[in-house]
Amino acid sequence: MSLAPWFIGFAFGWILQRTGLSRYDRIANVYRLRDLTVMKVLGSALVTAAIGLEVLRALDVGAAPPIPPTYALGNLLGGIMFGVGMAISGFCPGTVAAGAGEGRLDYLVPGGLGLLAGAVVYGLLYERIMPTLARAAHAITLPSMLHIEPWLAILLFGEVALLSVYGGMRVARSRSRIAAPARGDESWRRALHVVPAGCPRPGPSGSMKK
Amino acid sequence: MNLARIAVAVAFLATAFAATRVSNAQCGAKQSTCSACHDGARAAFTPAAAWHSDHRFADVCAVCHGGRPDAAFANDAHVGLVPPLGAEAAQCRSCHGVASEALAQRYARNDAGADTGGASGASSRPSSPRPEAGPEAPPHASNDRLAGTLAVLLGALGLAWVLRRERPRTHLLERLRAPDWSPYLGGVLLGVVVTVSLGLFGHRLSGAGAYQQLSGIVGQKLAPGSIYWTHLIPTGLTWEVAIAIGAFAGAFVSSRLAGTFRLRTMPDTGWREIFGSSTPLRWAIAFAGSMATEVGAGLAGGCTASLAISGGAVLAPSAFLFMIGMFAGGIPALALVTRRRSR
């Protein structure tokens, strides 16, 4: 096996740790719409990778990337179960490895064991569920489905992502009850700043009472 | 600033303008353009052949035939064609895993009396028609993409220049050395990593897959006859497992360098306010929650890394459905739990 996956994984873990996604509060707070770091990382990574793949394609480098198959019911149901587990326990399979590397034993031991147990359970249930659930699986992409040029699709998606993050930020600001930063032009500027470690964060106490 | 918005708008418009072009073969095709021409009317295709009818459910022409399934014109699409089943095991293995040898034998036996070319090993001639049978590429087909790339690069450079003017001048290296990264910085770097993994190596960034590929150690003993572990999922130190171990190492080194490494059994912030200080409770919920994510990832076809990000990078609907499900499930679930536990 080549060395590539080790480096790719190394970078992946590094980025997860530095952006704080291996912390419980970062993950939990996105599900409370308070700390949108997860959405921002996901959105930026998505748009960057989409553009990057199209650039590689334009330069004729590499091969067609693998496409995860779409089978709506399975994708949705799996997503729901995934989201419930992730919201309550505060990690996803990728961040379990990163958190474990950071010294979090609650990620390493119960997290890792739970993932392995879940994988075994899934394997045991596979034949009963997946052939039916994934019967209509198609490896499709939106640009080919909608018959639009991939660049345009990325452009539109980028705009939708920006709008969602902006909308989410407004919701987050109102729910956290911190003094809203100066409106208008300043908000994007503030959003792009690096948050220094140790900056006081609004606690959850009192914010849920409504 | 207004200038930033103008620059962004100009970049978008330039991309849109440069990116529009007529696409000849995409309409009606699914992911690959193969079937757009090889529908039987315009070019040879034998749906009745055993391997074609068996694989009709999925758009996997290129797995056996090679070529470039995303190209719109014949001479582009036929670059890199290989004789199908010429190297049976290698071509079948990508889906069928360890069962490839046995399955390939099935087709080798069948093609003795079967249809057109593409018989395994019998000829090196590909079963698709000569390049001139398909529509010819107009001379400017590839320039549009190049123009689009340039437009995006120019727009990105312009945006970076504008932002640099507007923002405080923190050196990039300083920002990279900070223990807390801006999510946009982290996201863009993650996007580069994903581009490398997907575009250069053809692998989705993995998360849940690693644990599926370790589960066979136990699973094969529990269910020796299961298709899942014998045919579908490899077991051992695979690409995905290497990524997970690499991620562990990367986070370790990163946290040591940043000074944030610490052995701890509980989350630092956010947990106690909701669930209290009991470590056994945390470990129990961590176990149950991670089980749920792994099963959910199996059902959906991936986790945040392998489906949401890697799938989103190719704009696959599965990724977006998954993300919708994630939040549709997670937000009410956490709200329910916090509401119940807040005083």
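**Entry 1: A:D35 and its partners**

I started with A:D35, which sits in the loop between α2 (24-31) and α3 of chain A. The model is a predicted one, and I read each value below as computed from it. I looked up whether A:D35 is buried or exposed. A:D35 has a relative accessible area of 12%, so I noted it as buried, the cut-off being under 20%.

Next I looked for the partners of the A:D35 side chain. A polar contact of 2.5 Å links it to the side chain of A:T37. A second polar contact, at 3.0 Å, goes to the side chain of A:R26. The pair A:R26 and A:D35 also counts as a salt bridge, with N to O at 3.0 Å. I then checked A:R26 itself and found it buried, at a relative accessible area of 6%. I wrote down that this salt bridge joins two buried residues, A:R26 and A:D35.

**Entry 2: the loop and the helix after it**

I stayed in the loop between α2 and α3 of chain A, where A:L33 is also found. What is the phi of A:L33? I read a value near 55 degrees, which is positive although the residue is not glycine. A:L33 counts as partly exposed, with 24% relative accessibility.

I then followed the chain into helix α3, residues 37-58 of chain A. I wanted to know whether its length fits its residue count. With 22 residues at 1.5 Å a residue, the helix should span 32 Å, and the C-alpha atoms at its ends lie 31 Å apart, so the two agree. For burial I counted 20 of the 22 residues of α3(A) as buried, so the rest of the structure largely encloses this helix. Just past α3(A) I came to A:D60, where phi is positive, at about 65 degrees.

**Entry 3: chain B by itself**

I turned to chain B and looked up its secondary structure. Chain B has 17 helices and zero strands. Its residues number 343, and 46% of them are buried. I also checked how its contacts are spread along the sequence. Of the contacts in chain B between residues at least 6 apart in sequence, 52% join residues at least 24 apart.

One backbone angle in chain B went into the notes. B:L315 lies in the loop between α16 (304-313) and α17 (317-341) of chain B. Its phi is near 55 degrees, again a positive value in a residue that is not glycine. Is B:L315 buried or exposed? I found B:L315 buried, at a relative accessible area of 4%.

**Entry 4: salt bridges**

I counted salt bridges over all chains and got eight. Two of those I looked up involve B:D268. One is formed with B:R262, the closest N and O atoms being 3.0 Å apart. In the other, the side chain of B:D268 meets that of B:R264 at 2.8 Å, N to O.

I compared the burial of these residues. B:D268 is partly exposed, at 34% relative accessible area. B:R262 also counts as partly exposed, at 46%. B:R264, in contrast, is buried, with a relative accessible area of 8%.

Which residues are linked with B:D268 in a network of salt bridges? I listed A:E102, A:R104, B:R262 and B:R264 along with B:D268. The network therefore takes in residues of both chain A and chain B.

**Entry 5: where chain A touches chain B**

I finished with the interface. I found 140 residues of chain A in contact with 154 residues of chain B. The size of an interface is often given as the accessible area lost when the parts come together. Between chain A and chain B the buried area is about 12900 Å², and carbon and sulfur atoms give 73% of it.

How many salt bridges are there between chain A and chain B? I counted two. One I looked up joins B:R282 to A:D106, with the closest N and O atoms 2.8 Å apart. For polar contacts across this interface, I noted 27 residue pairs, both residues being at pLDDT 80 or more.

I asked which element of chain A gives the most to the side that touches chain B. I found helix α6 (residues 105-133), with 24 residues. I sorted the residues on that side of chain A by type and got 93 nonpolar, 31 polar and 16 charged.

Definitions and conventions: Residues numbered from 1 in each chain as written. Chains lettered and ligands numbered in written order. Predicted model: local features only at pLDDT ≥ 70, side-chain atom pairs only at ≥ 80, totals over all residues. Heavy atoms only, no water. Contact = heavy atoms within 4.5 Å. Buried area = accessible area lost by both parts, 1.4 Å probe. Salt bridge = Lys/Arg side-chain N within 4 Å of Asp/Glu carboxyl O. Polar contact = N/O pair within 3.5 Å; in protein donor to acceptor, adjacent residues only side chain to side chain. Helix = DSSP H or I, 4+ residues; strand = E, 2+ residues; numbered from the N terminus. Nonpolar A, V, L, I, M, F, W, Y, C, P; charged D, E, K, R; others polar. Expected span 1.5 Å × (residues − 1). Buried < 20%, exposed > 50% of the residue type's maximum accessible area, 1.4 Å probe, protein only.
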